[in-house]
Amino acid sequence: MINADETNFTSSTVSRRRVLQALGAATLPATGALAQPIRDTDAPAITWSRTYAPSAGRDSNSHVLTRTIVALDNGFMLAGVAGGIGSRGWITSVDTAGRERWQQTLGVKTSYFVDGAPAPDGGAVLAGVTNEPPTSTSEGHSDPWLVRMTTDGDVDWMRTYQAEKAGGTANAIVRLSDGYAVAGSVVDSSHEQPWVAAVGKRGTVKWHWHPAPTDRKGQATGIAAIGNEIVVAGSESPATADDYGRTEDAWIARFTRNGEVVWRRQFAGEHGDRFGALAPHTGDGVVGLGRRSFSRTDDGVGWLVALDATGETRWQRTYPQETYNWLRSIVPVGDGYILIGTRELVDSTTRGAWGVRVGSNDRPLWTATYTDDAYTRGFDALPTSDGGLLIGGDHSDDTRSMPRAWLAKIGGNVSESTGQQSGDISLPTAPQWTEPFLAGVGLGAILGGAAMHLRDRS
C-alpha cells in the first residue's frame, strides 16, 4: 500500500522478509553477501536484529535498554540500563553478528550507563550515573561514573566524581589522545549546573569546569573532540523554572585541551530548545543535533545546527513530523549524516526506530521507521566496516511490557541468521522536499538529572 506521509515524500510499508525475497534471498545466507551500503537515495532494510536481557537475578524480568554502542576489535560492547526504579548499569559484549559473548550488571540501585568510548588498548570506558557511595559510611547520592571494561568483561577501574557535591551525572564521553573528556552535570548551590572534565587513561582528573554559581540550572549532554579542542553542548534554564522546559535554552561551547573556554554560543528560541549530540563538520566546525520547541505538543521538532570553528552559524534546519518523534544520535556518513531516534507511526500508537539521512546541505535524502514487527526505540547508532549501520535501543510488543535491549543492523553484509528476521519498515522513494519544510531560521534519557529532568514522552 502506498501512502503519502506528512513530510511530503511517498513511502511504502513492507515486510523485511519481502524485501529480502525481492532481492533473491528467501533465507539469509551464512556468509557475508547482499551488501547494502548506506546510499543517498534509498533507505536500507534491517539486515539482522537481536534482543538482550539478563538471564538470571533481580534484573532478568525488567526493562533493559541499549543506550550506547562501542566498537571493539572483533565486535561491539553495548551498555545501558536494566530495571526501572532501582536500576543498574547493564553491559554486554557481542560479535559482529550481534551474538552475545557475555553480559553483566554493575552498580547499586539507580545506576545506569549513557555513553561509551573505545579504550586505546581494547575494551571501553563507559559513562553514566551511580549512587555508589565513595566510602562504606557515606550516604549514597548520584555521581558521575566512569567504568573501564576489558574485552573479557572484567572491570579494570571504576571511578566516581564530584563526591562532595549533592549530585551529578556523566552524560557523554569522547576519547582523546591522552585520555578522555566527559560532559555532564553537578548539583551546586542547590541546583544542577553543566560539568566538563578531562581525565587520564585511568580516569584521574586533569581539569574540570563548571560555571560559577548563577541563577541558571542546566546540563552538558553532548561532547566531541574536534581538531585540538573539545566542543560541548547542553541546555540551561532559570534556576527557579518549573515550566516543563518552556524557558530552556540550548548552548554550545568550545574548550581548549587545557579546559579554557574559547567561545560559547546560546540559542534562545521559544518553548524550549536543547542539544543532545554533536558531530564534526567541515573546517573544524561542529554540528549539533537537538530539539526545538519541545515543550509543545508532540515534543517539538528535530533540529540540526552547523557552526564553523569560530562558533558562527553556517546553517540550521528543523525536521517537523505530525507524530511524536525524538532524534538522539548523529553519525557522519559520506558528506552528510544519519540521524537516529524514535518516531510514532501515523494513525497508530506503534513507535519505531527512526533514521533520517541528510546530505551536506542539511536536506533530507531519505527517512525510514524500523518497527521490527513490534514497538522499538532508537537511542544510539554506529557505522560498521561493511557500509552498514548499527542501531541500539529497546524492543517490546504492543503492550510495551518488559522491553528488551535491542540491536539491529541496517544495510551492510548479511551475516548469519539470528532467528529474528521479520520486521516492518517504512521504505520511502526519493523524497520530494519542499521549501515550507524549513522551519524558522532564528535563534535529551530514560533517567534525568536531579534538578532538571529531560521532558521526553518516549
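**Figure 1. Arg148 and Asp156 are joined by a salt bridge.** In this predicted model, the closest N and O atoms of Arg148 and Asp156 are 3.9 Å apart. This distance counts as a salt bridge because the limit between a side-chain nitrogen of Lys or Arg and a carboxyl oxygen of Asp or Glu is 4 Å. Arg148 is buried, with a relative accessible area of 6%, whereas Asp156 is partly exposed at 33%. Both residues belong to a network of salt bridges that also includes Asp121 and Arg202. A search of the whole structure finds 16 salt bridges.

**Figure 2. The chain as a whole contains one helix and 33 strands.** The chain has 458 residues, of which 60% count as buried. About 17500 Å² of the chain is exposed. Carbon and sulfur atoms supply 48% of that area.

**Figure 3. A salt bridge connects Arg264 with Glu236.** The two side chains meet at 3.2 Å, taken from N to O. Arg264 lies in strand E20 (residues 261–267) and Glu236 in strand E18 (residues 229–238). The two residues are 28 residues apart, and their pair links distant parts of the chain. Which of the two is buried and which is partly exposed? Glu236 is buried, with a relative accessible area of 12%. Arg264 counts as partly exposed, at 31% relative accessibility.

**Figure 4. Lys409 forms a salt bridge with Asp386.** The closest N and O atoms of this pair are 2.6 Å apart. Lys409 is part of strand E31 (residues 404–410). Asp386 is found in the loop between strand E29 (375–383) and strand E30 (389–396). Here too the pair links distant parts of the chain, with the two positions 23 residues apart in the numbering. Lys409 is buried at 3% relative accessibility, while Asp386 is partly exposed, with a relative accessible area of 24%.

**Figure 5. Strands E13, E14, E15 and E16 form an open antiparallel sheet.** The order of the four strands in the sheet is E13-E14-E15-E16. Strand E13 (168–176) and strand E16 (205–209) stand at the edges. Each edge strand has a single partner, so one of its sides has no neighbour in the sheet. From one strand to the next, the twist averages 20°. Eight bridges join E13 to strand E14 (residues 179–188), and these two strands run antiparallel. Within E14, Ala181 stands opposite Val174.

**Figure 6. Thr110 and Asp284 each have a positive phi.** Most residues other than glycine have a negative phi. Phi of Thr110, however, is near 60°, and phi of Asp284 is also near 60°. Where do these two residues lie? Thr110 is located in the loop between strand E8 (100–106) and strand E9 (112–118). Asp284 is located in the loop between strand E21 (273–281) and strand E22 (285–292). Thr110 is partly exposed, at 28% relative accessibility. Asp284 likewise counts as partly exposed, at 41% relative accessibility.

**Figure 7. Phe275 forms aromatic pairs with Phe267 and with Trp303.** In total, the count comes to eight aromatic pairs. Phe267 and Phe275 are arranged edge-to-face, with 5.4 Å from centre to centre and 90° between the planes. Phe267 and Phe275 are both buried. Phe275 and Trp303 are stacked instead, with 4.6 Å from centre to centre and 15° between the planes. The latter pair counts as stacked because its planes are under 30 degrees apart. Phe275 lies in strand E21 and Trp303 in strand E23 (residues 301–307), so the pair ties together parts that are 28 residues apart in sequence. Trp303 is buried, as is Phe275.

**Figure 8. Arg292 and Arg291 lie over the faces of tryptophan rings.** Arg292 lies over the face of Trp303, at 4.2 Å from the ring centre. Trp303 also stacks with Phe275. Arg291 lies over the face of Trp326, and its distance from the ring centre is 5.1 Å.

**Figure 9. Trp207, Trp209 and Phe255 form a cluster of rings.** Ring pairs link these three residues to one another as a cluster.

How values were computed
Residues numbered from 1 in each chain as written. Predicted model: local features only at pLDDT ≥ 70, side-chain atom pairs only at ≥ 80, totals over all residues. Heavy atoms only, no water. Buried < 20%, exposed > 50% of the residue type's maximum accessible area, 1.4 Å probe, protein only. Areas by Shrake-Rupley, 256 points an atom, 1.4 Å probe, with all protein chains shown as cover. Pairing = 2+ DSSP bridges. Axes fitted to C-alpha atoms, helices over the stretch in contact; angles between N-to-C directions. Phe/Tyr/Trp six-rings, centres within 6.5 Å; stacked < 30°, edge-to-face > 60°. Lys NZ or Arg CZ within 6 Å of the ring centre and 35° of its normal.
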